[in-house]
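Please open the model in your viewer and keep the selection tool at hand. The tour below proceeds from one selection to the next and states what is found at each stop.

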Amino acid sequence: MKTLRYTPIPAHFYRSTRDALAARLPEGALVVVHANDVYPTNADGTMQHHQNANLHYLTGIDQEETALIMRIGKNGQHVDTLLLRETNERIVIWEGARLTKEEAEEISGIRDVRWTQEYQPLIAQVAASAKCVYWERDTHPRRYTDVQTRNERMFAAFRANYPSIEVRSLYPLLSQMRLVKGEAELAQMREACNITGAGFTAILPHIKPGMGEWEMEALLSCEYTRRRSRKFSFLPIIASGPDTCVLHYISNHKVCRNGDLILFDVGAEYGGYAGDMSRTVPANGKFSPRQKAVYEAVLAVHRYAASIMLPGVRKADYERRVRVRMAEELVKLDLLSAQQIQREANDPSCVRKYYMHSVSHSLGLDVHDVCPKDPVFAVGQVWTIEPGIYIPEENLGVRIETDVLIHPDGVEDLIPGAPLEVSDIERLMRGE
Ligand SMILES: [Mn+2]
């Protein structure tokens, strides 16, 4: 067996995801899912490969130029073929060995593994009898890109050759399936969250005024990598002073000053799954009275959100109730007036001046994981809880984010070791 940096999920999980998908599809359907491309930079450079999440979910194969073809038969029966980039001596010497057919079978549970050269003839063969095709095409509502993905490129070629085959959307089905995590996935997510929290806690005693945000990024990267994460699960946000109010600040280029807050929104990847955590700490190790008041307000809203994230609750209603709770705190902080709130008691949009994002997103193989349009909380789902208050006129922003798993009676914090209370943060920063 090829050894990986992470412990892979057993193949029976991937068999179960393909079985569950096939059970939702009509007889005669064809499913095609390709790996993501390796994107070029300049000259002979490339970016690090990032696998297509749906391919990962259905096969566990984290290798470029991979494709999955499923033919759906009667009563959810299915015949699966995995196509792999052929490995050769030159590739072994320059890039290291790629998966053999045997290794790919062991990871994915797919017996029929072929080299990619067989892709076109196989497509020609299966298209002849297909009634419809479910092609992997990313239709995330906030997706915006000019870049054609490998799936779109392969789809365009397929469309040109087989214009009469009906095309249906695979994305909503997989989005629904991926929302509830399997036991094996939860093990990976717990590890991603453990690494995310433990790495952060480990660097806290080293933070001092005068330190560069990039130095904190370097320390975190070291802690995550030593714990077998392959990369940050998204570009880390380490924002001090005024940039605590910049939601997606990623340049991490400033030196933090005495009296600044520092907002960390960071996560480690493990085995393809994402951790995602935010904490806000004082550069000098001690919150000022105002910083503490804002921090406690965000923490109170966080606790409230966690208490109402229950199975059966519509996410949209949950978000609205959190805005109502946030409004109370903003009045206490003298940021909004009681009159302003009264006018919109049921859903105070005035909170958006200081709290402009939503409180929760689904988490999994993707950081902003796929999910249906109007989700309802259910057991086995993993969500972030991340309220924030941002006051640019005071150079003061606070976000507190945990990742939680929904149980029948409430949520479980998947990053239990990372400090939430002011006193715990200050104690850890003193090195105690
Ligand atoms: Mn998040």
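Select β12 together with strand β15, residues 402-407: the two run antiparallel and are joined by 4 bridges. The model shown here is a predicted one. Within this pair, highlight Ile385 and then Thr402 in β15, which is the bridge partner of Ile385.

Now extend the selection to the whole sheet. Three strands make up this open sheet, in the order β12-β15-β16, and their pairing is antiparallel. Which strands are the edge strands? They are β12 (382-385) and β16 (410-413), each of which pairs on one side only. Rotate the view to see how neighbouring strands of this sheet are turned against each other, by 40 degrees on average with direction ignored.

**The hairpin of β13 and β14**

Select residues 388-391, which are strand β13; 4 bridges join β13 to β14, and the two strands run antiparallel. Across this pair, Tyr390 stands opposite Gly397 in β14. The two strands form a hairpin, with 4 residues between β13 and β14.

Select Asn395 next, in the loop between β13 and β14. The phi of Asn395 is near 50 degrees, a positive value in a residue other than glycine. Is Asn395 buried, exposed or partly exposed? Asn395 counts as partly exposed, because it has 15 C-beta neighbours inside 10 Å.

Proceed to strand β14, residues 396-399, and look at its two faces. Leu396 and Val398 lie on one side, and Gly397 and Arg399 on the other. Both faces are covered, and these four residues are all buried.

**Helix α13**

Select residues 422-429, which form helix α13. Which residues are buried here? Ile425, Leu428 and Met429 are buried in this helix. Turn the view until you look down the axis of α13: the buried residues fall within an arc of 100 degrees, so they line one face of the helix. A general rule helps in reading such a view: an α-helix has 3.6 residues a turn, so residues three or four places apart point the same way. To see what covers the buried residues of α13, add to the selection α8 (183-203) and β11 (277-282), which are among the covering elements.

Val422 also lies in helix α13. Val422 is partly exposed, because 17 other C-beta atoms lie within 10 Å. Leaving aside neighbours within four places in sequence, Val422 is in contact with Phe287, Lys292, Tyr295 and Glu296. For a view across the model, select Val422 and Gln48: they are 374 residues apart in sequence and, from C-alpha to C-alpha, 38 Å apart in space. After α13 comes Gly431, whose phi is positive, near 85 degrees.

**The loop at Asp334**

Select the loop between α11 (315-332) and α12 (338-343), where Asp334 is placed. Although Asp334 is not a glycine, its phi is positive, about 65 degrees. Is Asp334 buried or exposed? Asp334 is exposed, because 8 other C-beta atoms lie within 10 Å.

**The sheet of six strands**

Next, display the open sheet of 6 strands, whose order is β4-β3-β2-β1-β5-β6 and whose pairing is mixed. Its edge strands are β4 (112-115) and β6 (166-169), and each pairs on one side only. From one strand to the next, the twist averages 25 degrees. At one end of this order, select strand β3 (residues 78-84) and β4, which run parallel and are joined by 4 bridges. Here Leu82 stands opposite Val113 in β4.

**The two domains**

Finally, colour the protein by its two parts: domain 1 (11-177) and domain 2 (183-429). How far apart do the C-alpha centres of domain 1 and domain 2 lie? They lie 34 Å apart. The contact takes 12 residues from domain 1 and 8 residues from domain 2. On the side of domain 1 that touches domain 2, α2 (53-59) and α7 (171-179) each supply at least two residues. The largest share of that side, 4 residues, comes from α7. By class, this side of domain 1 has 5 nonpolar, 6 polar and 1 charged residues.

Key
Residues are numbered from 1 along each chain as its sequence is written. This is a predicted model: local features need pLDDT of at least 70, side-chain atom pairs count only at pLDDT 80 or more; totals for chains, interfaces and linings use all residues. Domain bounds come from an automatic or database domain assignment. Two residues are in contact if their C-beta atoms, placed from the backbone, lie within 7 Å. Ala, Val, Leu, Ile, Met, Phe, Trp, Tyr, Cys and Pro count as nonpolar, Asp, Glu, Lys and Arg as charged, and the others, Gly among them, as polar. Two strands pair if DSSP finds at least two bridges between them. Axes are lines fitted to C-alpha atoms, for helices over the stretch in contact, and angles run from 0 to 180 degrees between N-to-C directions. A residue is buried if 20 or more other C-beta atoms lie within 10 Å of its own, exposed if 12 or fewer, and partly exposed in between; C-beta atoms are placed from the backbone. The arc is that of the directions from the helix axis to the C-beta atoms.
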